[in-house]
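Colleague: I would like a close look at a single part of this model, namely the places where one chain meets its neighbours. Please take me through it slowly, as you would for someone in a first year of study.

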Number of protein chains: 4
Amino acid sequence: MHIQTGTPIHHQMDLRKEQFLAVRATTDRLVKPLYTEDYVIQASEDVSPVKWHLGHTTWFFEAFMLVPHQEGYEWYEPKLDGLFNSYYITHGHPFEKKHRGWLSRPTVEQVKAYREHVEAHVLQLINEADEEKLQELEPILEVGIHHEQQHQELLLMDIKYNFSVNPLRPVYHPLDAATDRVVDEIHTVQPGQEWLFFEGGKTMMGWEEQGFAYDNEKPRHTVWLEDYSLAARPVTNGEYIAFMEDGGYQKGEYWLAAGWDTVQKMAWTHPLYWEQKQDGTWHSFTLSGMKPVHPDQPVCHISYYEADAFARWAGKRLPTEAEWEHAFRHHSQSGHFAELETYHPTSVYQKEKDGSYKAFGDVWEWTQSPYTPYPGNKPFDGVLGEYNAKFMCNAYVLRGGSCVTPQTHIRETYRNFFAPDKRWAFSGFRLAGDGKC
Amino acid sequence: MHIQTGTPIHHQMDLRKEQFLAVRATTDRLVKPLYTEDYVIQASEDVSPVKWHLGHTTWFFEAFMLVPHQEGYEWYEPKLDGLFNSYYITHGHPFEKKHRGWLSRPTVEQVKAYREHVEAHVLQLINEADEEKLQELEPILEVGIHHEQQHQELLLMDIKYNFSVNPLRPVYHPLDAATDRVVDEIHTVQPGQEWLFFEGGKTMMGWEEQGFAYDNEKPRHTVWLEDYSLAARPVTNGEYIAFMEDGGYQKGEYWLAAGWDTVQKMAWTHPLYWEQKQDGTWHSFTLSGMKPVHPDQPVCHISYYEADAFARWAGKRLPTEAEWEHAFRHHSQSGHFAELETYHPTSVYQKEKDGSYKAFGDVWEWTQSPYTPYPGNKPFDGVLGEYNAKFMCNAYVLRGGSCVTPQTHIRETYRNFFAPDKRWAFSGFRLAGDGKC
Amino acid sequence: MHIQTGTPIHHQMDLRKEQFLAVRATTDRLVKPLYTEDYVIQASEDVSPVKWHLGHTTWFFEAFMLVPHQEGYEWYEPKLDGLFNSYYITHGHPFEKKHRGWLSRPTVEQVKAYREHVEAHVLQLINEADEEKLQELEPILEVGIHHEQQHQELLLMDIKYNFSVNPLRPVYHPLDAATDRVVDEIHTVQPGQEWLFFEGGKTMMGWEEQGFAYDNEKPRHTVWLEDYSLAARPVTNGEYIAFMEDGGYQKGEYWLAAGWDTVQKMAWTHPLYWEQKQDGTWHSFTLSGMKPVHPDQPVCHISYYEADAFARWAGKRLPTEAEWEHAFRHHSQSGHFAELETYHPTSVYQKEKDGSYKAFGDVWEWTQSPYTPYPGNKPFDGVLGEYNAKFMCNAYVLRGGSCVTPQTHIRETYRNFFAPDKRWAFSGFRLAGDGKC
Amino acid sequence: MHIQTGTPIHHQMDLRKEQFLAVRATTDRLVKPLYTEDYVIQASEDVSPVKWHLGHTTWFFEAFMLVPHQEGYEWYEPKLDGLFNSYYITHGHPFEKKHRGWLSRPTVEQVKAYREHVEAHVLQLINEADEEKLQELEPILEVGIHHEQQHQELLLMDIKYNFSVNPLRPVYHPLDAATDRVVDEIHTVQPGQEWLFFEGGKTMMGWEEQGFAYDNEKPRHTVWLEDYSLAARPVTNGEYIAFMEDGGYQKGEYWLAAGWDTVQKMAWTHPLYWEQKQDGTWHSFTLSGMKPVHPDQPVCHISYYEADAFARWAGKRLPTEAEWEHAFRHHSQSGHFAELETYHPTSVYQKEKDGSYKAFGDVWEWTQSPYTPYPGNKPFDGVLGEYNAKFMCNAYVLRGGSCVTPQTHIRETYRNFFAPDKRWAFSGFRLAGDGKC
């Protein structure tokens with residue numbers, strides 16, 4: 001999706017405009033199956049109402065593109081500034097996150113009108129801009145597009161969580177029987193675990209290519225790795241059930257102290273969204289309703305604590321993010337992403353052309369690396385400096401994207417992150433080991 | 001609204017049917033100004049979403065009338081039983097109250113379809129019932145009607161609270177300029193405080209008339225009163241502001257220990273919904289938007305703690321509920337109720353025909369009486385025994401009804417009640433004193 | 001213990017001095033079995049460290065007697081004023097109650113020196129006072145004595161609670177085998193439940209006798225009672241176990257809504273201090289260590305919620321405080337009090353000379369009466385107005401005294417009170433019913 | 001303190017015994033100034049009572065040395081096992097940490113008897129051991145000695161915290177006027193900030209020397225550093241006050257999101273223990289009472305969040321632990337440690353013989369490195385595997401030791417760690433920058 005150096009700016013901007021319209025259309029498509037009521041609710045402090053996401057991704061363009069760069073532009077409605085500002089305190093006073101679900105107004109229709117208004121003004125601004133202005137606008141438009149893609153994933157995560165607490169078990173995305181069967185047929189052969197070995201030494205990580213990357217992926221810098229091995233594929237539901245059946249959630253010795261506290265306090269005994277039927281079989285709430293837990297699918301909706309405990313139980317460890325990036329830097333970033341509209345991880349056994357398993361897509365993979373700035377890292381300029389930098393604390397990095405990530409959003413250097421007790425992301429993990437496993 | 005003894009049951013039921021249809025129509029009218037989104041939200045654990053009220057008042061007829069009394073009737077949707085059961089644990093497992101705002105489904109349209117379905121079946125059941133069946137149904141229908149009236153008041157309370165937390169300040173009920181002016185003109189003369197004196201002695205309280213009353217108003221029983229005085233009217237905003245300006249919220253000596261803890265913890269410095277403008281004037285959020293606080297209107301949205309602290313500051317006390325009932329038993333229960341569609345207290349100076357001020361309507365009045373069972377009290381039979389009895393703990397009685405109470409719902413023996421820290425009811429108070437004041 | 005009218009003030013004061021010295025000596029005796037460490041701890045927000053009680057009961061005399069009434073007296077140590085002020089906010093700024101256990105200083109020895117200092121000055125002040133001064137001092141000294149007696153009961157309650165959380169199960173008061181046997185032998189015959197019937201009508205309650213009473217017991221005033229019955233004795237452990245075995249703690253229908261919330265949240269399944277052995281027998285932590293639960297002893301360490309739930313289960317109710325006072329006004333207030341140094345309820349079958357069971361002593365008895373002011377009640381003057389009045393909210397009255405109450409402290413009009421979820425008082429209950437049972 | 005390779009085991013053990021006795025004597029000396037009451041209290045969930053530290057450091061030898069390695073040894077008192085087990089869940093069931101202050105028993109005297117008993121048995125066990133047994137015992141004894149040293153620092157931290165909440169401001173360690181003056185005179189010249197430059201490249205970190213180190217310091221491994229600069233000394237109180245006066249605690253832009261939440265929630269406006277006098281000067285609670293804040297002393301009792309915010313405000317950053325270790329690996333680990341018995345940081349301007357400032361001692365220095373395992377790290381075997389590994393989550397590493405750290409306890413590879421909101425350690429920080437500053 002990136003643009004060659006030397007492309008004239010107005011050609012670049014033609015492409016950006018296309019991307020902008022495509023991204024906006026995707027967002028519209030994602031919310032189509034929802035009733036008005038579904039846009040309003042917020043069933044935990046982690047998630048946001050759908051209409052908030054719609055407003056916020058629009059506000060992003062208004063606050064960072066229109067207001068500062070379009071002469072004479074006035075806020076569509078000044079009070080929306082606080083309501084749709086997520087966390088930019090150098091910009092203003094965000095409405096308290098945990099109470100976003102308290103707000104019935106603006107209505108969905110009003111938010112959509114807001115979207116249209118801002119969209120139209122963005123296009124107008126671009127169309128009327130001279131070369132100099134275009135130079136100024138291009139990087140903002142680009143980050144705004146990536147920002148909206150991030151929220152597309154959050155939309156799917158949050159809809160799933162919000163629906164999951166409802167005893168009526170709403171279905172967001174009905175799968176027809178045919179699709180269900182196809183998904184099942186993928187899982188025909190379950191090979192044993194295979195290991196990939198990588199030689200250590202001096203290597204580079206982080207972004208230095210052309211094209212967009214977040215500030216947190218830069219600069220490209222030197223790291224030293226010891227020899228290591230990575231599992232050829234993520235841990236499956238079947239393997240995870242073995243951990244559960246071996247008393248994994250009852251034995252403190254596998255757990256970080258903070259993880260064990262969480263297990264006790266939250267009474268965790270299985271991954272998020274799982275339920276055990278009376279016959280002992282496990283089912284999971286999905287965006288297509290309750291589905292049997294398939295043993296060959298990667299385990300998903302797992303916290304860092306659970307991933308780490310499983311690894312200790314298995315006598316292994318989680319990879320570092322440097323190891324992960326080094327191992328899969330040259331994999332294609334095709335795979336099972338949101339565009340397939342499955343919204344549930346499928347098989348751990350999808351392969352690259354060269355016969356290796358796909359590393360990208362399906363589930364995000366926890367690494368053992370706390371989310372910290374790279375050496376020499378510089379946050380974005382201005383208000384956008386708050387985009388990533390201030391969250392570099394008490395979180396762990398995940399790599400590779402998932403079945404709800406837009407494919408064009410992912411990169412081999414992409415750093416996702418969550419606090420170690422969060423489970424509503426489509427998060428799994430693969431094992432790692434020192435030297436040759 | 002009550003029916004003469006001796007009226008044949010099918011005539012009684014004709015009247016009940018009329019009342020039933022009228023009450024349902026009133027509920028429909030009350031929610032008319034709302035957008036779909038407004039039905040979903042729940043901005044505190046005390047309030048419920050509008051669509052929950054619509055569902056619950058319907059469930060009441062389904063659970064207590066159709067299911068047990070209509071042969072062959074099947075639940076409209078069994079999962080709604082838990083969702084719309086408020087707190088009847090002898091009936092089933094209510095969904096947790098504080099999370100009612102997490103549920104986008106059933107949608108508003110689905111809830112309305114549920115209402116129509118149950119309404120139609122109620123009418124059908126009545127129409128097809130023989131005399132014996134009608135005898136059985138009549139008291140259930142009657143309590144269901146009163147129950148829905150209670151929820152009409154809650155609807156208005158909850159809409160107000162839910163709207164109040166939104167910085168957009170939504171307006172539920174726009175007042176035209178004319179109405180505003182009329183409301184203002186009411187307040188022309190502010191007489192000084194007047195006192196009404198009552199002789200004590202043996203007297204009776206509680207309900208024994210024909211017609212409906214809740215179980216908590218019975219039996220009529222003897223109480224002994226000392227001589228006492230009641231203020232002729234409730235405390236006004238102007239008087240309350242004097243308390244505030246005298247440091248009422250800063251001086252612990254006026255407060256119950258539990259009240260003082262609440263003041264500190266909640267950082268209360270004024271009634272709920274009030275805001276002070278930069279020029280020092282007070283304004284209040286109302287169902288018609290922000291309005292200036294009128295000094296002659298009764299103070300409203302006051303907790304028991306605040307009413308009690310004001311009374312101590314004033315060197316007086318609150319009335320007991322026996323005193324209140326004894327004093328105003330023979331007042332007409334006309335006055336400022338929900339039917340006027342003002343939804344905000346107006347004047348403390350409205351008078352009865354005999355020249356005395358109206359006691360009923362405008363604001364509920366806190367009494368100093370904890371909410372306890374009357375001697376010899378018997379709760380309703382069966383599941384409905386949970387209606388009132390189990391809440392007789394850590395609450396205080398309020399009397400008289402308010403501008404959001406349906407007029408046909410109130411009685412001289414009517415006992416409303418709230419925990420002493422609650423303020424979202426339309427609650428004010430009048431002063432009392434021992435002997436002659 | 002009260003003094004005849006007309007007794008010259010210096011004779012009155014001689015008696016008060018004696019009482020003062022006796023009460024102080026009793027406090028000293030009560031803390032004798034403790035190690036220094038035992039004086040420091042505070043195992044819940046409800047209890048206070050022993051050394052705090054010693055300091056506070058001394059501060060009471062310093063703050064209310066010496067400082068205002070002895071010319072030239074200076075605070076022993078001004079910083080102790082805040083530390084030992086319990087809750088008198090019109091006097092100063094009390095140190096936060098829940099953190100009293102954070103303070104190692106003043107040490108026990110320092111607190112004892114403080115006690116001696118204040119005691120000596122109190123005696124000196126009295127000895128040097130003229131008649132007029134004595135008139136002024138006498139009521140303060142009297143209330144100070146009663147105040148310290150209240151804290152003697154709290155001392156025993158708090159020591160018991162503080163010891164109970166320690167896995168080493170410390171023993172405060174070892175019982176020799178002989179005493180243990182005697183306690184057992186008391187319980188030889190268990191008669192069935194007997195009922196006492198009382199005719200209703202106009203009656204008086206509250207204090208008007210000579211001698212001391214708290215402000216909350218006044219004025220004596222008229223109340224109207226309906227005919228009622230009281231159980232001849234409190235509910236026993238055996239009867240309470242029957243309730244437990246019938247699923248009392250699992251069936252919401254017996255409980256007040258607030259009680260049921262508490263049962264769930266606290267996971268209550270039995271009275272405070274009880275433990276079930278593997279053989280199914282119940283034992284209870286006592287001030288003499290773990291002891292078997294005797295079926296004929298009154299159930300103790302019961303919350304209002306549990307008492308009320310038991311009563312509903314039994315098809316009865318709790319008495320009102322007016323009924324209790326009316327029924328037992330003329331009973332002797334002898335019985336099982338702290339002077340016997342058993343510190344555990346013994347038998348429900350102790351009898352008055354006239355053959356009736358003793359009503360006073362052994363366990364406090366919950367009534368169904370919220371703790372409210374009597375009609376015409378006036379709190380103590382000045383700072384002591386905070387003694388009782390501000391706690392008249394969300395609490396219920398208990399009557400009759402217990403095995404840890406000083407006998408000379410109790411009166412037929414004495415009103416003890418606790419919030420309905422508290423269990424560390426020696427609290428039980430008896431059943432009541434309307435009319436003849 | 002470490003022992004040459006090849007030393008016969010019984011010679012090694014002679015040295016260990018000496019160290020053991022010395023460490024135990026030091027603990028005894030540290031608690032000498034305390035009253036019995038001071039041993040009992042626990043003023044926050046982070047700290048422990050002094051008597052718990054005495055018991056726990058003894059239990060460590062009993063549980064890990066006597067019980068498994070002395071034939072026929074029986075627990076001194078089995079119930080103490082749970083009480084004095086800190087967090088070893090593979091060993092047993094630790095008593096809940098936050099309630100350690102609820103326990104008056106065992107008394108201080110009983111804990112001291114327990115200490116003596118275990119000490120005697122440890123010595124006896126060593127004295128009677130053959131060569132093979134000695135080989136087995138030596139590493140356990142060694143870790144037990146280091147463990148007790150860690151608790152000596154905790155003792156001083158916890159005593160300080162426990163005393164700080166007491167309005168009587170207890171003094172643990174009175175300083176005479178002479179000492180106070182000396183401490184003052186140290187601070188004569190305040191040079192400007194100086195920077196030390198270090199070239200990056202491939203380097204090694206972690207422990208591989210002879211002698212003891214914790215498992216978390218191993219293995220020695222390769223890291224890659226970019227060129228960097230470190231401030232020659234920690235940030236001073238004077239510099240920190242400049243940050244405060246510039247509104248540092250009011251401007252969210254300097255803070256990590258989690259830090260800003262903490263600032264708001266805890267209402268932080270200055271370092272822990274500081275108080276501002278009416279004349280605007282700052283004073284700090286110390287183990288020698290309230291003392292003026294000296295502008296040239298290193299700022300202390302600072303959370304990671306505050307250190308990080310200061311660094312952003314100053315346009316710099318915190319060092320990584322690799323940078324810190326690389327920079328100061330060859331500094332002498334002499335300096336201002338607990339042995340000086342000052343228990344308060346003195347000057348930032350103490351120098352090495354070569355003219356550079358001392359890096360070790362005075363205050364622990366926060367690094368920006370989350371506390372994670374080194375590549376290839378292996379926890380201690382068995383139960384002691386819980387010593388460090390399970391805490392490697394949501395904490396940051398501090399380096400260099402402080403004025404309450406035993407000097408013989410520190411190493412250039414020593415990794416201390418705390419959660420980023422903790423402030424009761426003697427924690428300060430120095431600035432770092434990329435390249436040359």
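**Chain D and its two neighbours**

Modeller: Chain D and chain A bury about 2,300 Å² between them, and 64% of that area lies on carbon and sulfur atoms. Please keep in mind from the start that this is a predicted model. The size of an interface is often given as the accessible area lost when the parts come together, and that is the sense in which I use the word "bury" here. To this contact chain D brings 31 residues, while chain A brings 32 residues. On the side of chain D, W224(D), C393(D) and N394(D) supply 22% of the area buried against chain A, which is more than any other three residues give.

If we now look for charged pairs across this contact, the count between chain D and chain A is two salt bridges. In one of them D434(A) is joined to K378(D), with the closest N and O atoms 3.9 Å apart, a distance that falls inside the cut-off of 4 Å used for a salt bridge. Two residue pairs are in polar contact between chain D and chain A, both residues being at pLDDT 80 or more. As for the elements involved, β3 (221-225), α8 (257-266), α9 (304-313) and β8 (364-370) of chain D each supply at least two residues of the side that touches chain A. The largest share of that side comes from α8(D), with three residues.

The residue D434(A), which we have just met in a salt bridge with K378(D), also leads us into the fold of chain A, where strand β12 covers residues 432-434. This strand belongs to an open sheet of three strands, ordered β1-β4-β12 in chain A and paired in antiparallel fashion. Its edge strands are β1 (195-198) and β12 of chain A, each of which pairs on one side only. Neighbouring strands of this sheet are turned by 25° against each other on average, direction ignored. Between β1(A) and β4 (residues 228-231) of chain A, which run antiparallel, there are four bridges, and within β4(A) the bridge partner of W195(A) is A231(A). Across β1, β4 and β12 of chain A lies helix α10 (residues 321-328), which runs at about 75° to β4(A).

Let us return to chain D and turn to its contact with chain C. Here chain D and chain C bury about 2,600 Å² between them, again with 64% on carbon and sulfur atoms, and the contact takes 29 residues from chain D and 29 residues from chain C. In chain D, the residues that lose the most area to chain C are E37(D), W102(D) and R105(D), which together account for 28% of what that side buries.

One of these residues, R105(D), also forms a salt bridge with D38(C), in which the closest N and O atoms are 2.7 Å apart; in total, two salt bridges are counted between chain D and chain C. There are also ten residue pairs in polar contact between chain D and chain C, both residues being at pLDDT 80 or more. The side of chain D that touches chain C draws at least two residues from each of α3 (78-84), α4 (108-128) and α5 (131-164) of chain D, and α3(D) gives the most, with three residues.

How values were computed. Residues numbered from 1 in each chain as written. Chains lettered and ligands numbered in written order. Predicted model: local features only at pLDDT ≥ 70, side-chain atom pairs only at ≥ 80, totals over all residues. Heavy atoms only, no water. Pairing = 2+ DSSP bridges. Axes fitted to C-alpha atoms, helices over the stretch in contact; angles between N-to-C directions. Contact = heavy atoms within 4.5 Å. Buried area = accessible area lost by both parts, 1.4 Å probe. Salt bridge = Lys/Arg side-chain N within 4 Å of Asp/Glu carboxyl O. Polar contact = N/O pair within 3.5 Å; in protein donor to acceptor, adjacent residues only side chain to side chain.
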